[in-house]
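Colleague: I would like to learn how to read helices and empty spaces in a protein model. Could we take them one at a time, with the general idea before the case?

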Amino acid sequence: MQKITIVGAGKIGSAVAFSLLHLKNNIREIVLIDVIKNLAEGESLDLQHTASAMKKNVKIIGTEDYSFAKNSDIVVITAGKARTPDVKDRLDLLNINKKIIDEILRNVLHHKPKIIILVTNPVDVLTYYIYKKSNMPRNRIIGFGNYLDTARLNSLNLSGIVIGEHGENQIFLTKEINDSQKQELKNVSKKIIELKGYTQYGPAYCIAKTINAILNNTKEIIPCSCVLEGEYGLRDIALGVPAVLTSEGVKIKELKLEKEHIEELKKTADKLQKFKNL
């Protein structure tokens with residue numbers, strides 16, 4: 001039986017659960033945990049009715065109790081302060097979201113999750129932070145972001161992938177893109193937030209696809225934030241790179257990058273290094 005726990009039953013967390021119901025997998029239990037009283041329970045009831053309509057044999061639990069996270073194959077962390085129109089950079093969320101991550105780790109780690117997927121921003125900094133705090137192997141800590149950035153790139157009918165920081169310093173591995181398109185993609189999340197208040201469906205579906213790749217051991221190559229220990233000449237930092245997703249976590253796939261992209265990656269790493277000793 002495959003079990004997924006999602007910490008944070010808000011717009012993205014609940015949409016991840018909804019997306020998982022639409023994908024082919026062997027998930028038999030989804031747990032939603034949230035500190036907001038009744039939120040997770042309400043979402044779980046709604047989702048349970050959805051599963052019933054879809055003829056899916058999935059048990060969905062909503063709770064404030066972390067004990068339900070026991071024996072999870074994957075714990076997905078979406079909880080935290082989200083970007084708002086006044087937040088210019090995801091790094092501005094670090095102080096408040098670090099405190100939230102600390103509380104979640106205190107409640108989750110003794111249940112020994114096999115794999116953790118982090119969605120909370122700033123994702124690259126906090127992915128490394130979880131790695132250091134958890135003492136889990138680096139291949140079992142995965143930061144989400146560049147898969148969505150890549151989907152946004154592809155939505156402009158541009159091939160390629162996005163690596164690096166999930167933020168202002170994302171790196172576009174494509175020869176088709178121009179400066180105007182780069183700026184459009186860097187600002188697109190902010191634009192969505194200004195228009196509707198939050199992002200939801202794009203992130204949620206990409207997160208669900210990432211989960212599915214792990215559960216189904218597909219060995220798909222998906223860009224995600226990984227802890228680097230020498231790859232691309234970088235060490236003791238998490239950044240988005242292509243990785244093979246398996247039931248054991250991620251295996252970094254080291255590409256031969258253009259000189260300009262290597263320089264961009266190192267520049268981003270230098271920027272994030274000051275945050276690594278939180």
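Modeller: Let us start with a term: a residue is called buried when its relative accessible area is under 20%. Please keep in mind that what you see is a predicted model.

Colleague: Which residues of H6 are buried?

Modeller: The general idea is that an α-helix has 3.6 residues a turn, so residues three or four places apart point the same way. In helix H6 (179-196), the buried residues are Gln181, Leu185, Ser189 and Ile193.

Colleague: What do the buried residues of H6 pack against?

Modeller: Their partners are H5 and S8, where H5 is the helix of residues 146-154 and S8 is the strand of residues 170-173.

Colleague: How does the span of H6 agree with its 18 residues?

Modeller: The expected span at 1.5 Å a residue is 26 Å, and because the end C-alpha atoms of H6 are 26 Å apart, the two values agree. Look also at the course of the helix, since H6 has a kink of about 45° centred on asparagine 187.

Colleague: Now to the empty spaces: how much space lies in the largest pocket, and which residues lie nearest its centre?

Modeller: Rolling a probe the size of a water molecule over the atoms shows where empty space is left. Here the largest pocket holds about 780 Å³ of space, and among its 37 lining residues Ile12, Thr78, Ala79, Gly80 and Ala82 lie nearest the centre. Helices H1, H3, H5 and H6 each give two or more residues to this lining, with the largest share, 4 residues, coming from H3. By class, the lining has 18 nonpolar, 12 polar and 7 charged residues.

Colleague: What lines the second largest pocket?

Modeller: That pocket, with about 340 Å³ of space, is lined by 17 residues, and those nearest its centre are Phe172, Lys182, Glu260, His261 and Glu264. S8, H6 and H8 each supply at least two lining residues, and H8 provides the largest share, 5 residues. The classes here are 4 nonpolar, 5 polar and 8 charged residues.

Colleague: How many cavities of 30 Å³ or more does a search of the whole structure find?

Modeller: The search finds 5 of them, and the largest cavity has a volume of about 50 Å³. Its lining includes Asp124, Val125 and Tyr128, and H4 gives the most to that lining, with 3 residues. The lining divides into 6 nonpolar, no polar and 2 charged residues.

Definitions and conventions: Residues are numbered from 1 along each chain as its sequence is written. This is a predicted model: local features need pLDDT of at least 70, side-chain atom pairs count only at pLDDT 80 or more; totals for chains, interfaces and linings use all residues. Side-chain values use heavy atoms; hydrogens and water are left out. On a 1 Å grid over the protein atoms alone, a cavity is a set of points where a 1.4 Å probe fits but cannot get out, and a pocket is an open set with protein on both sides within 12 Å along at least five of seven lines; lining residues have an atom within 4 Å of a point. Grid points are joined across faces, edges and corners, and a volume is the space filled by probe spheres set on the points. Ala, Val, Leu, Ile, Met, Phe, Trp, Tyr, Cys and Pro count as nonpolar, Asp, Glu, Lys and Arg as charged, and the others, Gly among them, as polar. The expected span of a helix is 1.5 Å times one less than its number of residues. The bend at a residue is the angle between axes fitted to the seven residues ending there and the seven starting there. Buried means under 20% relative accessible area, exposed over 50%, partly exposed in between (1.4 Å probe, protein chains only). Contact means heavy atoms within 4.5 Å.
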